[in-house]
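Hi everyone, thanks for coming. I've got one structure for you today, and I'll take it step by step, so pull it up on your screens.

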There are 4 protein chains.
Amino acid sequence: MNTPWQRFRQRLHTIIFEADTWAGRAFDVTLLFLIVLSVLAVILESVPSIARFHSQFFDRIEWVFTILFSIEYVARIISIRQPIRYVTSFFGLVDLLAILPSYLGLFMFGAHELAAVRILRMLRIFRILKLGEYTSAAALLAYSLRESRAKITVFFVAIFTLVITLGAMMYVVEGRSNGFESIPLSIYWAVITITTVGYGDIVPSTPMGKFIATIIMLLGYVIIAVPTGIVAVSLTTASKKLDISTQACPNCSRQGHDPDAVYCKYCGSAL
Amino acid sequence: MNTPWQRFRQRLHTIIFEADTWAGRAFDVTLLFLIVLSVLAVILESVPSIARFHSQFFDRIEWVFTILFSIEYVARIISIRQPIRYVTSFFGLVDLLAILPSYLGLFMFGAHELAAVRILRMLRIFRILKLGEYTSAAALLAYSLRESRAKITVFFVAIFTLVITLGAMMYVVEGRSNGFESIPLSIYWAVITITTVGYGDIVPSTPMGKFIATIIMLLGYVIIAVPTGIVAVSLTTASKKLDISTQACPNCSRQGHDPDAVYCKYCGSAL
Amino acid sequence: MNTPWQRFRQRLHTIIFEADTWAGRAFDVTLLFLIVLSVLAVILESVPSIARFHSQFFDRIEWVFTILFSIEYVARIISIRQPIRYVTSFFGLVDLLAILPSYLGLFMFGAHELAAVRILRMLRIFRILKLGEYTSAAALLAYSLRESRAKITVFFVAIFTLVITLGAMMYVVEGRSNGFESIPLSIYWAVITITTVGYGDIVPSTPMGKFIATIIMLLGYVIIAVPTGIVAVSLTTASKKLDISTQACPNCSRQGHDPDAVYCKYCGSAL
Amino acid sequence: MNTPWQRFRQRLHTIIFEADTWAGRAFDVTLLFLIVLSVLAVILESVPSIARFHSQFFDRIEWVFTILFSIEYVARIISIRQPIRYVTSFFGLVDLLAILPSYLGLFMFGAHELAAVRILRMLRIFRILKLGEYTSAAALLAYSLRESRAKITVFFVAIFTLVITLGAMMYVVEGRSNGFESIPLSIYWAVITITTVGYGDIVPSTPMGKFIATIIMLLGYVIIAVPTGIVAVSLTTASKKLDISTQACPNCSRQGHDPDAVYCKYCGSAL
């Protein structure tokens, strides 16, 4: 526990995985900065008019990011107690995907699509969200969405049924000559319509098709209200749960009492 | 009650209509799997590039599904006490529609539209939703929508009036030469606009028409809030109704205790 | 008070303006039916393919509706105590507009636009909404919207400012050559974008314009949440107010007590 | 404190910055009127068909507004105690931007874009919102949005990540030949899709691209529910905070009384 190597590993761990110390905070902010810059570089590199003149510049800067992220990746493996668990975790894979494309590009030619994989670095930002007040906000949102999982599943089963049935109906009514070439394409149209996106690339032409489309849109009105209501309700419940008096019972020291509680609801002693 | 035939019917009933036993659960999961597969087959069969090369394969697989669902249909009729009530029920008709098109296809030629009817099999999925925690979620959603029926009806009467009036107005303002060829078409446009779908197939051309369209869109902003508000409120009410224990304290007889409460939070006596 | 004419007027009043008696209820349902039919006739008459072959039929049926509504209009004037107040009221004007176009059409030629005015008959449906449980639902919705008037006004002032500022910005950035021909047209585009309608008739072409459009759309995400939140909150409050115990104080007989109130909050006597 | 100049400054201050006196109220209403008129003039001047014939009229009216707003600007500087703080404040800069373009136009030719800057006058309207009941409504909305700042930030970080990742995915799947020319353009498309705007200027062509687009749209369904839920919850909380009297009963010292309560609803003693 006292070898210099172990002390180094421990310090590394504090810097990389915790945000309490000055060094840890600085590390997080630097990393956030590097991630945003590297994602920006990937995005700009894809623009033809920019890439044409600065391709060498982007190649170089990409290697700078790759090397920096590689050092970080190795540092994470070194400092953690169970490296294998980290490597196979979600963020471990994302970290690997953030550096792999550059190394693979050395061996493979034309691996252009691989470059876009680097954009997954963006996901690493979520790791930084542990900073400050955003944790509790993120936790609240995540909790609400998890809480309403069953309701949202039921909602999506209903939506899928509706969209598939309506898509097949429009396929029969409008037919192949009006752009509704297959049931999958009609379902694609039904989703575009019911989510109120409305690209306008496929559009009903027959009066009957337009009538059905009108019904679908009006249905979509009430349907869009359902997930909103679900999330609003679970957010309210979640907010209240976190708001609930943090008063602990002096006898059994359990928490979660209502603000107007006079006696502990678990053991009955006065609060 | 003890003839082998009756015992067979009873066992069949337990498997098909209940989800408590191992066999019933397995039956539901298999059925869910078959329904999804058969719907997928109908969808893929409609894609020209797929159907061209595999039409024989789809014909065969369709007969497999038809025969399996026919056996299931007969089993349901046999096992139930009042077969006529089942056959004429909503799900009875859906079950029949799931197998009928294939048999009718033997006698009729060119019954292509009939094939799409098979997609109604999708509706059978709702029968499986009785599984697990989804029942209560579905019940909650259904209850909320039923509860807000009167409000949603009033809302839709208001929407219909608005959309018909605005459609007629645009028909007069824009006129036939600008694509607003008839009042039904103008109403179709008004629905596209007020639901924020916005295909862009019909679009106002005159300054006056654009001005009215702007007003409609901004109106739609507040209007879309109404069903959301309605559903959110009724979901909140429904959630609370199902949540709060109706247990009264035996000492002070006050209610409103949490489901996990052991002692009255007002007077401290055991519940 | 006892002349036959007065008794006739009184009975007429009961039938037309009240829905308690059998006759009044029948009158309302018949009227609803006639309004819907006459609106349908106006809508269908505007469809070229229908009007071409049945123009005479529509002319005749229109006169039937006009005469029936004229009789109703006269009956309303006769039966009411203050005819002038009725004639100048909102529904009085709507009733007049429902019959006027047909009579004016006798004297004026080419009064085609006038025909569309008849669609305002649709508004008369709101008078029938006094039937059944819909009254309280309509009252609740109307109350909620009225209650949130100040908030919605502030919201719209903010939206107008945003939309005008962003419209002018896009007019400068995109310019006349890209379809943003004038500031009003740019504002029209900004409204289409921020309300998520998205026709696609005007679309940014420059990278800078697309960037600003992206910002506007993401802004619209949070903005659309505001009216929904406002309406949801006022609906909740309104629902609670109507839910509140209708218990009257035995001493001062005032209502509006909370469900958990033990003493009257106005006079202090026990409830 | 009693020199005529100081008294003049004081009266000016009362008129310009306060809305309690008759003169102050009249000043606010006049200013509101002038702002709306001047913004309307800027908007109309940009319409080619109007500007062609009335350019001289707009030039003159613009100078009238410039001179009036200049007088107001000077009056504000004179009447306030710390003129520098006002000049460098947000509204001070907006006030300057409202008059500067006209003066700059005297020296620079072709400063057409500058004209659009004048539309920022619109922002001055927010200063007038201090009138009447709108203050509290605006305060409530502003408070709610501020309160949910952390949640909305987390939400936007998630949206950015999603939109960038999905944009890059579509860039790879659809490719440059189908209109997804660069990652920024694909992100622009993803924002158009997930916010349900749906212009239709860029649209997936490949089956795979359409499949991903369908997933994105359905995702957008739940995503749009999140900000609505956030704002609804914070509006509810904010409304309650401003509503419930914090008055405690002098006898039993319980709180939660309605604002119109005269007696404690729990023990019946006078509040």
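I'll start with one chain, then look at how copies relate, and then zoom in on a few spots.

One thing up front: this is a predicted model, so please keep that in mind as we go.

Okay, chain A. How many helices and strands are there in chain A? The count is 12 helices and 0 strands. If you read along the sequence, the pattern is simply α-α-α-α-α-α-α-α-α-α-α-α. Chain A has 271 residues, and buried ones make up 47% of them. Now take the contacts in chain A between residues at least 6 apart in sequence: 55% of those join residues at least 24 apart.

The domain assignment splits chain A into domain 1, covering 4-130, and domain 2, covering 146-238. Their C-alpha centres lie 39 Å apart.

Let's pick a residue in domain 1. Ile78(A) is in helix H3 of chain A, which runs over residues 48-79. Is Ile78(A) buried, exposed or partly exposed? Its relative accessible area is 27%, and buried means under 20% while exposed means over 50%, so Ile78(A) is partly exposed. Leaving out neighbours within four places in sequence, Ile78(A) is in contact with Trp5(A), Arg9(A) and Leu12(A). Look at Arg9(A) in particular: Ile78(A) and Arg9(A) are 69 residues apart in sequence, and yet their C-alphas are 6.8 Å apart in space.

Next, the copies. As a general idea, two copies of a chain are related by a rotation about an axis and a shift along it. Here, chain A is superposed on chain C by a rotation of 180 degrees with 0.0 Å of shift along the axis, and the RMSD is 0.1 Å. That's the relation of a two-fold axis. And which surface do they use? Of the interface residues of chain A, 100% are also interface residues in chain C, so the copies meet through the same surface.

Here's a small detail you can find in both chains. Thr196(A) has a phi near 60 degrees, which is a positive value in a residue other than glycine. Thr196(A) is in the loop between helix H10 and helix H11 of chain A, and it's buried, at a relative accessible area of 5%. Over in chain C, Thr196(C) has a positive phi of about 60 degrees too, and it is not a glycine. Thr196(C) is in the loop between H10 and H11 of chain C, and at 6% relative accessibility it counts as buried.

Now the helices on either side of that loop, but in chain D. How do H10(D) and H11(D) cross? Their axes come within 8 Å, at roughly 50 degrees, and H10(D) and H11(D) are therefore oblique to each other. On the H10(D) side, the contact is made by Trp189(D), Thr193(D) and Ile194(D). On the H11(D) side, the residues include Ala213(D), Ile216(D) and Gly220(D). The whole contact divides into 6 nonpolar residues, 2 polar and no charged.

Last stop: Gly229(C), found in helix H12 of chain C, residues 225-243. Gly229(C) is buried, with a relative accessible area of 0%. What does Gly229(C) touch, not counting residues up to four places away in sequence? Ala232(D) and Leu235(D), so to speak across the chain letters. Compare that with Leu106(C): Gly229(C) and Leu106(C) are 123 residues apart in sequence, and their C-alphas are 51 Å apart in space.

That's my tour, thanks for listening.

Terms used. Residues numbered from 1 in each chain as written. Chains lettered and ligands numbered in written order. Predicted model: local features only at pLDDT ≥ 70, side-chain atom pairs only at ≥ 80, totals over all residues. Heavy atoms only, no water. Helix = DSSP H or I, 4+ residues; strand = E, 2+ residues; numbered from the N terminus. Buried < 20%, exposed > 50% of the residue type's maximum accessible area, 1.4 Å probe, protein only. Contact = heavy atoms within 4.5 Å. Least-squares fit on C-alpha atoms with pLDDT ≥ 70 in both. Axes fitted to C-alpha atoms, helices over the stretch in contact; angles between N-to-C directions. Parallel < 35°, antiparallel > 145°, perpendicular 65-115°, else oblique. Nonpolar A, V, L, I, M, F, W, Y, C, P; charged D, E, K, R; others polar. Domains from an automatic or database assignment.
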